[in-house]
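Trainee: Got a minute? I'd like to go through this one with you.
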Amino acid sequence: MKRLIERSRSVGEVLRWVTQNPGKVSASHYPIALHKLGQLLQQQQGQAVLNGESRGPAHVLEQPEFQVLSQAIVSGCSKFDNFSIVNCLYAAAALGLPGESPLVRVLEDESRSRLGRFNQKDVSMVFSSEANNKALEAIFSSQLFYENRQERFIRSMAEWLPRKAENLTPYTMALIAKYVARHRLREPRLLDTIASFLLKRGEQLDSKVIQKLVFPFSRMNYRPANHSELFPKLEAILEQKAGSSPLATVNILMSMFQLSHFPQSVLHQVFSPAFITNVMSTPYALIVRRYLSLLDAAVELEFRDYSGPRLDPRYRVLMFEHALTADEANRKYSYKGLVAEALRQLVGEECYRQDEVLPPGYCTDFLLWINRSGTVLPLSRVPAAAKAPAAHAPASPAAISLRSSVLALTSDLQDFAPVVLSVNDKWHYCQNSDILVGSRAMRDRHLRLLGYSLVQV
C-alpha cells in the first residue's frame with residue numbers, strides 16, 4: 001500500500017487507494033497519503049498558475065473521498081503510535097488544512113495528551129527535512145507550538161536547523177527569525193544559525209530580508225559567535241544597497257548600534273543629501289525621518305569618534321512633546337536607573353555589575369552572584385575563588401565545590417531558556433527587564449521597591 005500511494009500520479013488515485021481498501025490501510029499509511037496529496041496539490045497549483053487559472057486546493061479538500069480519509073484519521077488516531085500522530089500533524093500543516101478543521105483539532109488534542117510520552121525523534125518530525133514555508137507557518141501558528149515552545153519544539157529545532165539551514169529559503173529563515181525575536185526565544189544555536197545563514201547568503205538578500213534576520217540579535221542583545229565576520233560583511237552589503245530600501249537600512253544600522261558596531265561609511269551615506277532626498281520622495285518619509293532622528297541621537301550618544309555628516313536639523317523629528325527631566329525619562333521610558341539605584345541600596349555597589357556580557361554573548365543589564373545559602377557575594381571575589389589552585393597547593397573541598405559551581409553556572413548560562421533561566425545557584429531570570437536577580441528574599445524586596453513582575457521559578 002505504501003508503494004501504491006507513493007507512486008500515485010493524481011489526487012484521485014491517492015484517495016481511491018486509501019478509501020477503497022480500508023482493510024489494507026494501517027496507521028502509518030495515513031501520513032504518507034497526506035504527504036502525497038500535498039505534493040500533488042502543489043504540482044497542480046503550479047500548473048494552474050502557468051495556465052492562468054486561480055483554482056486552489058479547496059475543491060480537493062471538499063471531495064467526499066477526502067472527507068472519508070479525514071474521518072478515518074479522526075476515528076482511529078487514538079490508536080496511532082506517536083510517530084504516526086506527529087507525522088499526520090505535520091502533513092496536515094503542509095497540506096494547508098485550517099487549524100479549526102476537525103482533523104487538525106483531533107490531532108493536536110491527541111498530541112497534547114501524549115506530549116509527556118513523546119521522544120525527541122517524534123517531536124523533531126515537526127521540523128524534518130520534507131518542511132516548507134507553509135508547513136512552518138502553520139506549525140508556528142498552532143496552539144501546540146505556543147504551549148511548548150520553551151522546551152521540546154525549540155530544542156528540537158535547534159538541533160535540526162544547523163544541519164538543514166542551507167536548504168531553507170530566505171523567506172523561511174526570516175519566518176524563523178521573526179518568531180525567535182517576537183517571543184524572545186533565547187536559544188544560542190538558533191541565533192547562531194541565523195547569523196551563519198546571513199554570513200553565507202547576505203549578498204544575495206535584499207535589505208528587507210536582512211533586516212528581519214538581524215532583528216533577533218538586537219532584540220535580545222545577543223552578539224552571534226561570528227559577529228567579527230558578520231558585522232563587517234553586513235556593513236559592506238549596506239554600502240551597496242543603502243538606497244534600495246531606506247527604512248530597512250536604518251533599522252539594520254540601529255540594530256548594529258545596539259550591538260556596539262558602528263559602520264562609519266554607511267552613516268556617511270544615510271546622512272548624505274542624496275539619501276535624504278530619496279527618503280523624502282517615499283510614502284513612508286515621516287517614519288524614516290523618525291528613525292533617522294533616533295540614529296542621529298544614537299551617534300551623538302554612542303559614537304563620539306564619528307566626524308562625518310549628520311542629519312540636517314530641518315529633517316529631525318522630535319521624539320517627545322517637550323524636554324524631559326531625568327526623573328520623567330526614568331519613570332516613563334526606562335527603569336534601568338531605578339533598578340541600579342535599588343541594587344545600590346539593597347546589595348551595595350561591590351555586589352553587582354551593570355552592562356556585562358555573559359557567554360555566549362548576551363549583554364545583560366545587571367549581574368549578581370548568589371551562593372547556595374542565598375547570600376549575595378561581592379563579584380570581585382568570584383573570579384579569584386573560581387580559579388584553579390596552584391599546582392603545589394592541594395585544592396580544598398570548598399574550593400573544588402565552588403569551582404564546580406562556577407563551571408556549572410557558566411555551562412548553564414550558555415543555554416538560555418526561552419523565557420525563564422534557573423540554575424543551581426538560585427539565579428532567576430526576569431523576562432520583562434532582562435535582569436538576573438538572586439534569592440527570594442532579595443527578589444521580594446526588589447519587587448516592593450520597584451513593582452517589577454518577576455517570573456516565578
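Mentor: Sure, we'll take the aromatic rings, then a charge and the backbone. This is a predicted model, where local features need pLDDT of at least 70, side-chain atom pairs count only at pLDDT 80 or more, and totals for chains, interfaces and linings use all residues. Residues are numbered from 1 along each chain as its sequence is written, and side-chain values use heavy atoms, with hydrogens and water left out.

Trainee: How many aromatic pairs are there in the whole structure?
Mentor: Seven. Rings of Phe, Tyr and Trp (its six-membered ring) pair if their centres lie within 6.5 Å; planes under 30 degrees apart are stacked, over 60 edge-to-face, the rest tilted. Phe-257 and Phe-262 are one edge-to-face pair, with centres 4.8 Å apart and planes at 80°.

Trainee: Is Phe-257 buried or exposed?
Mentor: Buried, at 5% relative accessibility. Buried means under 20% relative accessible area, exposed over 50%, partly exposed in between (1.4 Å probe, protein chains only). Phe-262 is partly exposed at 24%.

Trainee: What about Phe-257 and Phe-303?
Mentor: Edge-to-face too: 6.4 Å between centres, 80° between planes. Phe-257 is in helix α15 (residues 246-258) and Phe-303 in the loop between α18 (285-302) and α19 (326-332), so the pair ties together parts 46 residues apart in sequence. Helices (H or I, at least four residues) and strands (E, at least two) are DSSP runs, numbered from the N terminus.

Trainee: Which residues make up the cluster linked by ring pairs?
Mentor: Phe-257, Phe-262, Phe-303 and Tyr-306.

Trainee: New topic. What is the phi of Asp-355?
Mentor: About 60°, positive although Asp-355 is not a glycine. Asp-355 is in strand β1 (residues 352-358).
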